[in-house]
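The following exercises are to be worked through with the sequence and the structure in view. Please attempt each task before reading its solution.

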There are 2 protein chains.
Amino acid sequence: MAKSRVLLIGCGGIGTVAALNLQTGLQADVSLVLRSNYAAVQAAGFRIDSIDHGVLEDWRPATVLNSVPDTSADPITRFDYIVCCTKNIADSTPQLSDIMSPAVTPGHTVIVLIQNGLNIERPVQARFPTNIVLSGVSRTDAHEIAKGVIRHKQSDNLNIGAFNHPTIDPTELIAAAEHFVRIYSAGGKTVCRHEPNVGLDRWTKLVYNATLNPICALTGLDTGTLQTDGRSLDALVVPAMKEVVAVAAAKGYLLPEDIISRTIASNPVEKRISPSMLVDVRKGNLIEHENILGEVVREAEIADVTAPMLSMLYHLCCGVQLRLKEGQ
Amino acid sequence: MAKSRVLLIGCGGIGTVAALNLQTGLQADVSLVLRSNYAAVQAAGFRIDSIDHGVLEDWRPATVLNSVPDTSADPITRFDYIVCCTKNIADSTPQLSDIMSPAVTPGHTVIVLIQNGLNIERPVQARFPTNIVLSGVSRTDAHEIAKGVIRHKQSDNLNIGAFNHPTIDPTELIAAAEHFVRIYSAGGKTVCRHEPNVGLDRWTKLVYNATLNPICALTGLDTGTLQTDGRSLDALVVPAMKEVVAVAAAKGYLLPEDIISRTIASNPVEKRISPSMLVDVRKGNLIEHENILGEVVREAEIADVTAPMLSMLYHLCCGVQLRLKEGQ
């Protein structure tokens with residue numbers, strides 16, 4: 001069987017782990033598009049310390065590009081998959097769909113969004129109405145700690161499922177998701193599974209992402225240190241999580257009863273996990289608060305569910321984003 | 001008439017302006033206690049650019065000390081006033097009353113707290129039950145931009161009034177407030193008035209301090225830039241201000257109807273005012289959130305007034321304080 005041609009955009013922590021898995025499985029021919037770390041990787045390859053893949057010095061993927069290639073002229077160059085592991089900053093340009101556009105073959109390329117947040121498929125489906133879009137929900141802890149230097153501390157765990165599509169046959173959607181899971185898992189160094197209930201999966205992760213992520217970004221504390229103030233869970237985290245659960249329920253996604261205690265338990269004090277938005281704030285990068293939090297607040301409004309904590313966190317994050325934009 | 005002997009503790013922006021006014025009036029003999037800027041002022045005096053006092057190079061107050069003197073042994077050294085212009089950080093040591101203690105003559109020294117927040121007199125009155133404690137509510141914009149370098153951009157405006165006292169005759173309290181106003185105003189370069197309704201005065205300032213101050217500290221934005229996001233007033237500032245007004249009302253302080261619009265109007269976009277807590281966060285200093293915001297939240301609980309916005313801002317500020325303490 002011919003290898004799948006994969007274009008992977010955005011090689012920070014999560015993207016590099018995805019590239020490693022796809023390459024290790026030998027069922028994909030991976031081209032990486034790098035931006036901020038292109039020069040560093042050209043010079044010295046990736047330096048990776050991974051709980052799944054070990055220590056790799058000067059790791060070089062097959063093809064490294066510094067921009068998204070235009071595949072429209074020559075059908076042989078077309079990609080079977082475009083895997084997006086960039087941040088998804090809804091309130092900045094260029095938009096993700098503009099970035100990937102030159103490499104999307106209508107009706108063929110499957111677009112995989114391994115990204116946080118809600119409703120992220122909407123602008124992509126609107127722009128590429130004949131392409132399948134897959135959801136990737138990653139639960140790993142992998143960060144780029146310097147240009148091209150990746151620290152991957154928690155085993156890769158990726159749920160893949162197709163976003164609903166108004167005109168594409170569901171069996172085709174499922175087949176695409178299952179095929180991607182196969183090529184991603186082939187190397188045997190990851191837990192990647194097909195999770196057909198994309199909505200439930202994404203709302204489940206939002207219990208963490210719409211609450212601990214902005215709270216840590218606003219206070220400057222990791223999830224462990226935050227909890228050393230005994231009041232922070234009761235006064236901030238749990239009430240905000242309850243609001244996420246309520247909005248999810250109004251949308252028809254009934255999260256398990258223990259979702260809040262489980263989410264907190266997976267962020268124990270001693271692990272001192274820095275959520276992505278906190279990492280971004282520390283680096284002076286823009287934050288993903290629109291997709292992670294803003295969409296939840298907007299869904300709450302549409303569903304007429306009161307979510308004052310989430311609304312306040314969201315608007316404070318809008319202020320942080322304004323500061324970050326001024327700093328750029 | 002003999003000059004009043006005044007010990008002034010804390011010579012940042014507000015403290016230096018107070019020292020200037022007291023010294024200019026020639027009715028006070030002022031000793032300053034400096035801490036962080038002691039060496040700089042010993043070497044080169046203060047450098048002051050003041051809207052009220054002009055540009056002063058190498059300004060040196062009469063007496064500069066680097067610790068609070070012990071006046072207990074010799075009555076002739078006792079102070080008539082101790083003016084506290086330090087930050088009032090309720091959740092750190094040493095506490096203000098410990099700091100001033102060696103210089104407080106029981107039954108004699110009048111303690112003037114030119115500081116933000118609510119219930120700040122309580123620990124001082126508890127520690128020095130026979131001393132009058134005056135409230136100073138300052139509305140000026142004066143900052144120390146480098147050690148001993150003061151920028152004073154908005155004319156000094158100080159309200160003085162006595163905090164209620166369980167055992168001291170009210171006429172004595174009033175006399176003390178009026179006398180302090182006299183010596184502070186004698187130089188004619190300030191608006192300093194006697195405001196007997198200390199509670200109303202402090203709650204009025206809290207409409208600003210319990211809302212814009214923490215919101216700016218959490219977002220990293222000055223009050224002007226904050227408002228360039230059109231939603232921030234409606235979504236954050238105004239609802240939080242309404243909660244302050246409601247708590248004040250429950251405490252018996254009916255703030256004027258236009259207090260919210262007036263408070264916002266005095267922080268126009270073009271002025272880009274950085275509230276004190278934002279300045280502290282930027283400098284890595286501890287913040288005064290306990291007195292400015294925590295006390296309001298606790299008063300709301302006591303009065304059974306719901307104040308979810310203030311509560312959330314407060315607990316986020318507790319997280320910021322934890323980070324600041326870790327950084328020290």
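The exercises treat the symmetry, the interface, the annotated domains and some local features in turn.

**Conventions**

This is a predicted model, in which local features need pLDDT of at least 70 and side-chain atom pairs count only at pLDDT 80 or more, whereas totals for chains, interfaces and linings use all residues. Residues are numbered from 1 along each chain as its sequence is written, chains are lettered from A and ligands numbered from 1 in the order in which they are written, and side-chain values use heavy atoms, with hydrogens and water left out.

**Exercise 1. Determine how chain B is related to chain A.**

Step 1. Superpose the copies by least squares on the C-alpha atoms of residues with pLDDT of at least 70 in both. A turn of 180° with a shift of 0.0 Å along the axis lays chain B on chain A, and the RMSD is 0.0 Å.

Step 2. The two copies are therefore related as by a two-fold rotation axis.

Step 3. Within chain B, the C-alpha nearest the axis belongs to B:L218, at 3.0 Å from it.

Step 4. Compare the contact residues, contact meaning heavy atoms within 4.5 Å. Of those in chain B, 100% recur in chain A, and the same surface thus serves both copies.

**Exercise 2. Describe the interface of chain B and chain A.**

Step 1. Count the residues: chain B contributes 23 residues to the contact and chain A contributes 23 residues.

Step 2. Evaluate the buried area, which is the accessible area (1.4 Å probe) that two parts lose on being put together, summed over both. The two chains bury about 2200 Å² between them, with 73% of it on carbon and sulfur atoms. In chain B, the residues that lose the most area to chain A are B:M312, B:H315 and B:L316, together 26% of what that side buries.

Step 3. Examine the polar pairs. Between chain B and chain A there are zero salt bridges, a salt bridge being a side-chain nitrogen of Lys or Arg within 4 Å of a carboxyl oxygen of Asp or Glu. Four residue pairs (both at pLDDT 80 or more) are in polar contact across the interface. A polar contact is a pair of N or O atoms within 3.5 Å; within protein, one must be able to donate a hydrogen and the other to accept it, and residues adjacent in sequence count only if both atoms are side-chain atoms.

Step 4. Assign the elements, where helices (H or I, at least four residues) and strands (E, at least two) are DSSP runs numbered from the N terminus. On the side of chain B that touches chain A, at least two residues each come from α7 (212-219), α8 (223-228), α9 (231-250) and α13 (308-327) of chain B. The most is given by α13(B), with 12 residues.

**Exercise 3. Compare the helix and strand content of residues 6-164 and residues 199-317 of chain A.**

Step 1. UniProt (unreviewed entry) annotates residues 6-164 of chain A as "domain: Ketopantoate reductase N-terminal" and residues 199-317 as "domain: Ketopantoate reductase C-terminal". Positions follow the numbering used here, feature names are shortened, and annotations may be inferred rather than shown by experiment.

Step 2. Residues 6-164 are 19% helix and 36% strand, whereas residues 199-317 are 71% helix and 0% strand.

**Exercise 4. Where is A:P94 placed, and what kind of peptide bond joins A:T93 and A:P94?**

Step 1. A:P94 is in the loop between β6 (81-84) and α3 (96-100) of chain A.

Step 2. The bond is cis, with omega about -5°.
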